[in-house]
Amino acid sequence: MALNDEQIERYSRHILLKEIGAKGQKKLLNAKVLIIGAGGLGCPVGLYLAAAGVGTIGVADADTVDLSNLQRQIAHSTADIGKPKVQSLKESMEAINSDVTVNTYEKFIDSSNIRALIRDYDFIVDGTDNFATKFLINDACVMEKKPFSHAGILRFQGQLMTYIPGQGPCYRCVFKDMPPKDAIPTCRQAGVIGAMAGVIGSLQAMETVKFITGTGKLLVGELLTYDGINQSFRKIKLPPCDGKCAICGEHPSITELKDYEQPACELKL
Amino acid sequence: MFITVSGEKKEVKDGLRLEELIEQENVQTPQYVTVSLNDEFIETQDRDKIVLKDGDTVEFLYFMGGGAWL
């Protein structure tokens, strides 16, 4: 498949890059990426991947747009309040680039549907806000041998890492298991600076584009942390899996997925 | 002796145990923080046994959700 004139112009800044070029752009157009969560992280990821011409992008989220989302979920606008987030994000993505196909999954991702869903995609982006789904995404991706980008944001802090099957530790190698219910302060006490979602979501989009085009070095075996207060980035080296991980170790104790118990969020964020 | 904590070099007393450092650093909800020492993860129950040495590097890895969680 050759790039048409409009595509050559649209993606000219990519094509000019020796690391991407026309060849890399075609890879992007042929790629399939699934974004789980159409919120703070999922919005910038979706917008940048659509702009980049990632050919097929899946977006999964069961929520609707709320006024309190708009401080950071930049693909949604005031007129979208009440609309399913997947629909609102899809419309914003298609407005940028009609070259891409956006598949929407307006449902909760759980142990019964995640494996079949991720199987259709080349790369998964975790843009979720809760640990139950973060661990589920990790475990499902390990089982299905799918690469994914993990990210988390809180207050003025953000973090991300990339899992590539067989190449480095998974999320569970680092964080073992979910913190119990009452160990964690409620949503009301937390908060996050809106631009943090943009910074970290854009970094996830960067990892995705690099993975698809085979460019540079991914955050495998490293946790990148960003501190907005001090404007500092740090890479923390992660040891390789010690073989004892419950999901990616030599003798995994998790052999089938189940839904983790997670307390409901009282304040809708 | 000098050790590096979260990328910053600092002087600590000789014989400091990892558990004591975690207290000293005021790490929040320490039982839910992953700790690495010289690029190796340390089991929570081993923190009290480990005596830090000059030149050690300690990192704290925090749970981070999506703004809704600490």
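Here are some worked exercises on how helices and strands are arranged in a predicted two-chain model.

Some ground rules before we start. Residues count from 1 along each chain as its sequence is written, and chains are lettered from A, with ligands numbered from 1, in the order in which they are written. The model is predicted, so local features need a pLDDT of at least 70 and side-chain atom pairs count only at pLDDT 80 or more, while totals for chains, interfaces and linings use all residues.

**Exercise 1. Work out how confident the predictor is in each chain, and which stretch of chain A has pLDDT below 50.**

Step 1: pLDDT is the predictor's confidence in each residue, from 0 to 100. Chain A has a mean of 93, with 94% of its residues at 70 or more.

Step 2: The stretch to flag in chain A is residues 264–269, where pLDDT is below 50. Beyond near neighbours in sequence, that stretch still has 14 contacts in the model; a contact here is two residues whose C-beta atoms, placed from the backbone, lie within 7 Å.

Step 3: Chain B averages 91, and 93% of its residues score at least 70. Strand β4 (residues 40–42) of chain B is where confidence is lowest, with a mean of 95, and strand β1 (residues 2–5) of chain B is where confidence is highest, at 98. Helices (H or I, at least four residues) and strands (E, at least two) are DSSP runs, numbered from the N terminus.

Step 4: For the complex, the predictor gives an ipTM of 0.89 and a pTM of 0.94.

**Exercise 2. Lay out the sheet of chain A and say which strands sit at its edges.**

Step 1: Write down the order, β3-β2-β1-β4-β5-β6-β7-β8: eight strands in an open sheet with mixed pairing. Two strands pair if DSSP finds at least two bridges between them.

Step 2: β3 (101–105) and β8 (232–237) of chain A each pair on one side only, which makes them the edge strands. Ignoring direction, neighbouring strands are turned by 15° against each other on average.

Step 3: Zoom in on one pair. β1 (residues 32–36) and β2 (residues 56–60) of chain A run parallel and are joined by five bridges. There, A:I35 has A:V59 as its bridge partner.

**Exercise 3. Describe how helix α4 (residues 42–51) of chain A packs against the sheet and against α9(A) and α5(A).**

Step 1: Start with the sheet. α4(A) lies across β1, β2 and β4 (123–126) of chain A, at about 165° to β2(A). Angles run from 0 to 180 degrees between N-to-C directions, and axes are lines fitted to C-alpha atoms, for helices over the stretch in contact.

Step 2: Next, α9 (residues 194–213) of chain A. The axes of α4(A) and α9(A) come within 8 Å and cross at roughly 40°, so α4(A) is oblique to α9(A). (Under 35 degrees counts as roughly parallel, over 145 as roughly antiparallel, 65 to 115 as roughly perpendicular, and the rest as oblique.)

Step 3: Look at who touches whom. The contact includes A:Y48 and A:L49 of α4(A), along with A:G201 and A:A205 of α9(A). Its residues split into seven nonpolar, five polar and no charged. (Ala, Val, Leu, Ile, Met, Phe, Trp, Tyr, Cys and Pro count as nonpolar, Asp, Glu, Lys and Arg as charged, and the others, Gly among them, as polar.)

Step 4: Now α5 (residues 85–96) of chain A. α4(A) and α5(A) pack at about 30° with axes 8 Å apart, and are therefore roughly parallel to each other. Among the residues in this contact are A:L47 of α4(A) and A:M93 of α5(A). The tally is seven nonpolar, three polar and no charged.

**Exercise 4. Find how α3 (residues 21–30) of chain A meets α9(A).**

Step 1: The two helices pack at about 110°, with axes 9 Å apart, so α3(A) is roughly perpendicular to α9(A).

Step 2: A:G24, A:K27 and A:L28 of α3(A) meet A:V209, A:I212 and A:T213 of α9(A). That contact has three nonpolar, two polar and one charged residue.

**Exercise 5. Trace the sheet of chain B and its β3–β4 hairpin.**

Step 1: Five strands form an open, mixed sheet in the order β2-β1-β5-β3-β4. Its edge strands are β2 (8–11) and β4 of chain B, and the twist averages 30° from one strand to the next.

Step 2: β3 (residues 34–37) and β5 (residues 57–61) of chain B run antiparallel, joined by four bridges. B:T34 is partnered with B:L61.

Step 3: β3(B) and β4(B) are antiparallel too, over three bridges, with B:S36 opposite B:F41. Their hairpin has two residues between the strands, and B:N38 takes a positive phi near 50°.
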